[in-house]
Amino acid sequence: MNIQNVLPPVIDESTKVLILGSMPSQLSLQKQQYYGNPRNHFWPIIGKILNCEIPSDYDERIKLLKKHHIGLWDTIQSCEREGSSDASIRNVIPNDFKNLLLTYSNIRIILFNGGKAYSVFKKYMGLELLQQIDNAKMPSTSPIPGKNIKSFDEKVEEWRVIEEYL
């Protein structure tokens, strides 16, 4: 099935940390919300790192991220995929990161939410762009079991790298 990523980037001039996923899940696309699957660990991890309660209202969640200079986007603009698994992604069209990074020059680090986000970025943007900005491949917050499964607490500890850039 051919799918378009219709979620705009969550970013502004004060963004210092840009978190990139691969492609939103079917549920996230239906809800029009980043990390809209309640089983995804993203929002609980952010709550632990920022030491705060995560609002239930999505717009308030986005305000919280912006307040802490955290942005969100995905590496893929459109692709073919059955279900929500990154493993089934085919025929990728990437998002335009060169222009995004030129426009939002305060970004200090890109964090890739999982291996697929990292590999898509590297394939289409190349190593040169990755050498120009701090970046790290993070453990996926997805609830879909993968080959590198970590506990919630292990994920939180690795994601704490965010604190160095805020």
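This report describes the fold, one sheet, one helix and several single residues of a predicted model.

## Overall fold

The model is predicted, not experimental. The protein chain holds 6 helices and 7 strands. From the N terminus, the elements follow the order β-β-α-α-α-β-β-β-α-β-α-β-α. The radius of gyration is 15 Å, close to the 15 Å that the globule rule gives for 166 residues, so the chain is as compact as a globular protein of that length. Along its principal axes, the C-alpha trace spans about 40 × 35 × 30 Å.

Burial and contacts fill in the picture. Of the 166 residues in the protein chain, 46% are buried. Take the contacts with a sequence separation of 6 or more: 69% of them link residues 24 or more positions apart. The exposed surface of the protein chain comes to about 8,800 Å². Carbon and sulfur atoms supply 47% of that surface.

## The three-stranded sheet

One open sheet is built from 3 strands. Their order is S1-S4-S5, and the pairing is antiparallel. Strand S1 (2-4) and strand S5 (90-94) stand at the edges. Each has a single partner strand, so one side of each is left without a neighbour in the sheet. Neighbouring strands of this sheet are turned by 15 degrees against each other on average, with direction ignored.

The pairings can be followed residue by residue. S1 is joined to strand S4 (residues 76-80) by 3 bridges, and the two strands run antiparallel. Ile3 has Cys79 of S4 as its bridge partner. Gln4 has Ser78 of S4 as its bridge partner. On the S5 side, S4 and S5 also pair in the antiparallel sense, over 3 bridges. Here Glu80 is bridged to Arg90 in S5.

## Cysteines

How many disulfides does the count give? The count is 0. Two cysteines can be compared by exposure. Cys79, the bridge partner of Ile3, is buried, with a relative accessible area of 0%. Cys52 is partly exposed, with a relative accessible area of 27%.

## Helix H2 and its cover

Is helix H2 enclosed or open to its surroundings? H2 (42-50) has 7 of its 9 residues buried, so the helix is largely enclosed by the rest of the structure. The buried residues are Phe42, Trp43, Ile45, Ile46, Gly47, Ile49 and Leu50.

The cover over these buried residues includes both strands and helices. Among the strands are S2 (17-21), S3 (70-74) and S6 (109-113). Among the helices are H3 and H6 (152-159).

## Two positive phi angles

Most residues other than glycine have a negative phi. Two residues here depart from that pattern. Phi of Tyr35 is near 55 degrees, a positive value in a residue other than glycine. Phi of Asn51 is also near 55 degrees, again positive and again not in a glycine.

Where do these residues lie? Tyr35 sits in the loop between helix H1 (26-31) and helix H2 (42-50). Asn51 sits in the loop between H2 and helix H3 (58-67). Asn51 takes its positive phi of about 55 degrees just after H2.

Their exposure can be set side by side. Tyr35 counts as buried, at 12% relative accessibility. The cut-off for buried is under 20%. Asn51 is exposed, with a relative accessible area of 71%. The cut-off for exposed is over 50%.

## Ser28 and the H1-H2 loop

Ser28 is found in helix H1. Is Ser28 buried or exposed? Ser28 is buried, with a relative accessible area of 4%.

Its contacts reach further along the chain. With neighbours within four places in sequence left aside, Ser28 is in contact with Gln33, Tyr34, Tyr35, Gly36 and Asn37. One of these partners is Tyr35, the buried residue with a positive phi near 55 degrees. Ser28 in H1 is thus in contact with Tyr35, which lies in the loop between H1 and H2.

Notes. Residues numbered from 1 in each chain as written. Predicted model: local features only at pLDDT ≥ 70, side-chain atom pairs only at ≥ 80, totals over all residues. Heavy atoms only, no water. Pairing = 2+ DSSP bridges. Helix = DSSP H or I, 4+ residues; strand = E, 2+ residues; numbered from the N terminus. Axes fitted to C-alpha atoms, helices over the stretch in contact; angles between N-to-C directions. Rg over C-alpha atoms; globule rule 2.2 N^0.38 Å. Buried < 20%, exposed > 50% of the residue type's maximum accessible area, 1.4 Å probe, protein only. Contact = heavy atoms within 4.5 Å. Areas by Shrake-Rupley, 256 points an atom, 1.4 Å probe, with all protein chains shown as cover. Disulfide = S-S within 2.5 Å.
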